[in-house]
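Reader: I am a first-year student and would be grateful for a close look at one part of this structure. Could the answer begin with the salt bridges and then move on to the strands and helices?

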Amino acid sequence: MNIKTELKEYKFESLSYAILPGGSDYHCTRHNISLINKNPFNAEVGAITENIKIKDICVEENRSFNYHILKPVETGNSKKLIFLFHGFNEKDWTKYLPWAERICKGTGSSVILFPIAFHMQRAPKNWSNKREMYELSEKRKKRFPNIVNSSFSNVAISMRLHSMPQRFIWSGLQTYYDVIQLIEECKAGKHSYISKDFEFDIFAYSIGGFLAQILKLSNYNSYFSDSKVCLFCSGAAFNRLSPVSKFILDSETNVALYSFLVEHFDKFLQKDNVLKHYIQEDHLEGKVFHSMLNYQNGRIIREDFLKRYKDYIYAITLKKDTVIPSFEVINTLRGAYHDIDIKIDELDFDREYTHENPFPASNGMKEQIDADFEEVFRRVCDFYNKP
């Protein structure tokens with residue numbers, strides 16, 4: 001499609017930040033019950049500095065922020081939207097703007113670049129200060145001599161998740177509720193650009209696919225019944241990922257996350273009544289989230305939902321992806337017995353690439369990279385355009 005695009009910015013005030021760590025009394029609005037936090041905020045392990053130890057509930061950038069919509073020029077209110085969810089430990093949208101533009105031009109839909117909690121513009125700016133983060137990484141290496149892949153890029157998020165692995169759950173749930181909030185505000189006619197009777201799909205990369213699947217499979221208030229979900233380098237259960245990378249997480253954090261979220265999660269839930277409520281007590285989004293953590297233990301509920309929505313999910317994997325391996329995506333989405341008919345295309349580029357950077361800016365192979373990019377997003381757009 002010959003479509004010109006423009007990037008617009010809109011303000012968002014998260015109403016769900018109050019579920020985050022750092023408070024003492026919590027209130028579940030859905031059930032109108034108060035929950036007393038029996039586990040006081042503790043971020044001592046591996047945190048080192050006050051800038052990193054800051055209570056989640058107090059991070060203003062995460063509560064009030066701007067998000068972007070890449071839209072066709074000279075159009076009225078949009079009735080076709082695609083949410084774009086990014087990868088883990090991302091700090092700016094540079095990588096994703098060409099993706100959004102290709103999707104916009106290929107489908108005629110506006111693309112919402114919506115940030116995950118504590119990522120992108122929702123993180124304090126000092127967490128992206130290279131000099132400050134380099135110094136923290138060096139201190140972390142001294143404190144944990146056997147650490148692997150600690151870097152200025154991942155030290156802030158690694159420290160925070162190492163000290164409190166439950167942050168992975170809470171930031172995911174906050175983002176889930178934020179997306180629901182935005183949808184409901186649009187349906188109520190409160191958005192200056194989005195039509196009240198809009199339709200929407202989802203494009204999700206890497207850990208953004210976790211969010212996309214929880215939204216689709218829990219299908220809150222039937223908002224997502226007809227939404228298509230395209231997963232790129234994404235779709236595997238949490239304990240089948242290999243996220244140790246200087247761009248994602250260091251090894252100490254990976255061990256802490258795996259111990260908390262996979263090996264001992266049920267025991268931790270018994271000690272944390274707030275987390276237990278959202279994961280095990282009449283919150284479908286929490287139950288779906290739980291099912292995505294452990295390939296084996298969550299298999300039955302996860303595969304039941306995947307079978308229900310199999311015609312709305314499409315995945316593109318990359319053969320040389322070592323962070324979210326292609327075969328793990330296939331095993332998760334198609335099920336243990338490969339009896340779930342979800343379409344998955346495994347691609348392999350005739351060049352070097354990584355999970356974190358599938359389309360590197362390389363002048364020497366620009367034509368090849370451009371062709372690979374076009375192959376991926378032609379398939380993406382064909383999926384959305386298919387009736």
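**Salt bridges and the enclosed strand**

Author: In this predicted model, the side chains of E6 and K71 come together in a salt bridge, with N and O 2.7 Å apart. The two partners belong to distant parts of the chain: E6 lies in strand β1 (residues 5-13) and K71 in strand β4 (residues 64-72), 65 residues apart. E6 is partly exposed, at 24% relative accessible area, whereas K71 is buried, at 5%. The cut-off for buried is under 20% relative accessible area, so K71 with its 5% falls in that class.

A second salt bridge joins E374 to R102, and its closest N and O atoms are 2.7 Å apart. This pair also links distant parts of the chain, with E374 in helix α14 (residues 366-385) and R102 in helix α3 (residues 97-107), 272 residues apart. E374 is partly exposed, with a relative accessible area of 35%, while R102 is buried, at 19%.

Helix α14 also holds a salt bridge between D382 and R378, at 3.2 Å from N to O. D382 and R378 are four residues apart in helix α14, which means that about one helical turn separates them. An α-helix has 3.6 residues a turn, so residues three or four places apart point the same way. Both side chains belong to partly exposed residues: D382 has a relative accessible area of 41%, and R378 has 34%. The two residues are also members of a network of salt bridges that links K343, D345, E375, R378, R379 and D382. In the whole structure, a search finds 25 salt bridges.

One member of that network, D345, leads to the strands, for D345 in β10 is the bridge partner of I316. Strand β10 (residues 343-347) pairs with β9 in the parallel sense over five bridges. Strand β8 (residues 229-232) is joined to β9 by four bridges, and these two strands run parallel as well. Here F232 stands opposite I316 of β9. The path from β9 to β10 includes helix α13 (residues 326-334), and the three elements make a right-handed β-α-β unit.

Strand β9 (residues 313-318) is largely enclosed by the rest of the structure, because six of its six residues are buried. I313, A315 and T317 point one way from the strand, and Y314, I316 and L318 point the other way; all are buried.

Helix α11 (residues 284-293) offers another example of a covered element, being mostly covered, with seven of its 10 residues buried. Those buried residues are E285, G286, V288, F289, S291, M292 and L293. Their cover includes α6 (167-187), α7 (208-218), α8 (251-263), α9 (265-271), α10 (273-280) and α12 (299-308).

Two loop residues complete the picture. D282 is found in the loop between α10 and α11. Although D282 is not a glycine, its phi is positive, at about 60°. D282 is exposed, with a relative accessible area of 54%. S206 is found in the loop between β7 (194-205) and α7. S206, a residue other than glycine, likewise has a positive phi, near 55°. S206 counts as buried, at 7% relative accessibility.

Key
Residues are numbered from 1 along each chain as its sequence is written. This is a predicted model: local features need pLDDT of at least 70, side-chain atom pairs count only at pLDDT 80 or more; totals for chains, interfaces and linings use all residues. Side-chain values use heavy atoms; hydrogens and water are left out. Buried means under 20% relative accessible area, exposed over 50%, partly exposed in between (1.4 Å probe, protein chains only). Contact means heavy atoms within 4.5 Å. Two strands pair if DSSP finds at least two bridges between them. A crossover is right-handed if, with the strands pointing away from the viewer, the path from the first strand over the helix to the second runs clockwise. A salt bridge is a side-chain nitrogen of Lys or Arg within 4 Å of a carboxyl oxygen of Asp or Glu.
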